[in-house]
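Please open the model in a viewer and set the display to show both the backbone and the side chains. The tour below proceeds by selection, one stop at a time.

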Amino acid sequence: LDELPAPRPMPSLPTTPTPVGRTGLEEDDEMREVFLEEAHEVIAGADQALSALASSPDDLAEMTTVRRAFHTLKGSSRMVGLAAFGDAAWACEQLYNRRLADGQPADGELLRLSSDVLTYLADWVEAIGAHRDGGHSVSDIQGAIDAFGVRGEHAALPLPGAPVVLFEQTLPVGMVAEP
């Protein structure tokens with residue numbers, strides 16, 4: 001009779017299970033670096049798709065590229081424990097899901113909003129990479145999306161710490177506004 005091969009040892013399981021709602025990668029610096037690199041690439045790809053949509057707003061492939069970018073940012077950020085970042089990306093993904101489902105083109109207001117959101121997320125990625133709190137918040141992005149949904153217009157999405165302009169005042173030539 002042939003001898004059976006010796007059984008391979010079972011890999012050891014972690015001594016403490018990963019808590020519910022966590023991935024186990026939240027403190028993994030290598031995975032965080034992978035996220036940061038991927039985020040830069042994904043945001044750059046979405047920016048290119050927005051540029052293409054400016055001249056061809058009905059291009060479903062480019063709109064889908066932008067939607068997938070937000071989807072990828074959502075998933076990869078959540079995997080490394082960046083839930084707020086993931087929620088912000090998810091809000092934009094939902095906006096694009098609705099637009100695509102309704103067959104609406106990428107009008108100028110949507111493109112401006114999307115560009116501002118990508119700039120905001122890119123700034124957030126830089127803050128994460130520098131291990132600093134940049135003051136970014138999902139509520140900033142969600143607020144801009146909600147306002148866009150109500151008015152169909154996009155005013156602005158300032159970066160955290162940027163001065164907020166409440167209104168512009170036009171003065172006659174030669175007059176200077178007092179501080």
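Begin by selecting Arg67, with its side chain drawn as sticks. In this predicted model, Arg67 has a relative accessibility of 18% and therefore counts as buried, since the cut-off for that class is under 20%. The residue belongs to helix 2, which covers residues 60-79.

**Second selection: Glu93**

Keep Arg67 on display and add Glu93. What joins the side chains of these two residues? A polar contact of 3.1 Å runs between the side chain of Arg67 and that of Glu93. The pair also qualifies as a salt bridge, with 3.1 Å between the closest N and O atoms. Glu93 sits in helix 3 (residues 83-102), whereas Arg67 sits in helix 2, and the two are 26 residues apart, so that the pair links distant parts of the chain.

Now consider the surroundings of the acidic partner. Is Glu93 buried or exposed? Its relative accessible area is 5%, so Glu93 is buried. Both members of this salt bridge, Glu93 and Arg67, are thus in the buried class.

**Third selection: Lys74**

Add Lys74 to the current selection. Its side chain meets that of Glu93 in a salt bridge, at 3.0 Å from N to O. This pair, too, connects distant parts of the chain: Lys74 is in helix 2, Glu93 is in helix 3, and 19 residues separate them. The side chains of Glu93 and Lys74 are likewise in polar contact, at 3.0 Å. With a relative accessibility of 13%, Lys74 counts as buried because the value is under 20%.

With Arg67, Lys74 and Glu93 shown together, the view contains a network of salt bridges that links these residues. Glu93 takes part in the bridge to Arg67 and in the bridge to Lys74.

**Fourth selection: Arg112 and Glu109**

How many salt bridges are there in the model? The count comes to five. One of them is formed by the side chains of Arg112 and Glu109, which meet at 2.5 Å from N to O. Here the two partners lie in a single element, helix 4 (residues 108-129), and are three residues apart, about one turn of the helix. Arg112 has a relative accessibility of 44%, so it counts as partly exposed, the class between 20% and 50%.

**Fifth selection: the acidic surface patch**

Switch to a surface display and select Asp29, Glu33, Glu37 and Glu41. What do these residues form on the surface? They gather in a patch of negative charge. Asp29 lies in helix 1, which covers residues 29-55. At 58% relative accessibility, Asp29 counts as exposed, because the value is over 50%.

**Sixth selection: Val34 and Ser76**

Remain on helix 1 and select Val34, which lies in that helix. Val34 is partly exposed, with a relative accessible area of 44%. Then add Ser76 and draw a distance between the two C-alpha atoms. The separation is 9.1 Å, although Val34 and Ser76 are 42 residues apart along the chain.

**Seventh selection: Ala84 and Ser139**

Proceed to Ala84, a residue of helix 3. Its relative accessible area is 36%, which places Ala84 in the partly exposed class. Add Ser139 and draw the distance from C-alpha to C-alpha. The two atoms are separated by 9.2 Å, while the residues are 55 positions apart along the chain.

**Eighth selection: His131**

Select His131 next, in the loop between helix 4 and helix 5 (138-151). What is notable about the backbone of His131? Its phi is near 55 degrees, a positive value in a residue other than glycine. Most residues other than glycine have a negative phi. His131 has a relative accessibility of 68% and so counts as exposed, being over the 50% cut-off.

**Final view: the whole chain**

Clear the selection and colour the cartoon by secondary structure. The chain has five helices and zero strands, and its pattern along the sequence reads α-α-α-α-α. Of the 179 residues in the chain, 29% are buried. Arg67, Lys74 and Glu93, where the tour began, can be found again in this view as the salt-bridge network between helix 2 and helix 3.

Definitions and conventions:
Residues numbered from 1 in each chain as written. Predicted model: local features only at pLDDT ≥ 70, side-chain atom pairs only at ≥ 80, totals over all residues. Heavy atoms only, no water. Salt bridge = Lys/Arg side-chain N within 4 Å of Asp/Glu carboxyl O. Helix = DSSP H or I, 4+ residues; strand = E, 2+ residues; numbered from the N terminus. Buried < 20%, exposed > 50% of the residue type's maximum accessible area, 1.4 Å probe, protein only. Patch = residues over 30% accessible without salt bridge, like charges linked within 9 Å, V, L, I, M, F, W, Y side chains within 5 Å. Areas by Shrake-Rupley, 256 points an atom, 1.4 Å probe, with all protein chains shown as cover. Lys, Arg positive; Asp, Glu negative; His and termini not counted. Charge placed at Lys NZ, Arg CZ, Asp CG, Glu CD. Polar contact = N/O pair within 3.5 Å; in protein donor to acceptor, adjacent residues only side chain to side chain.
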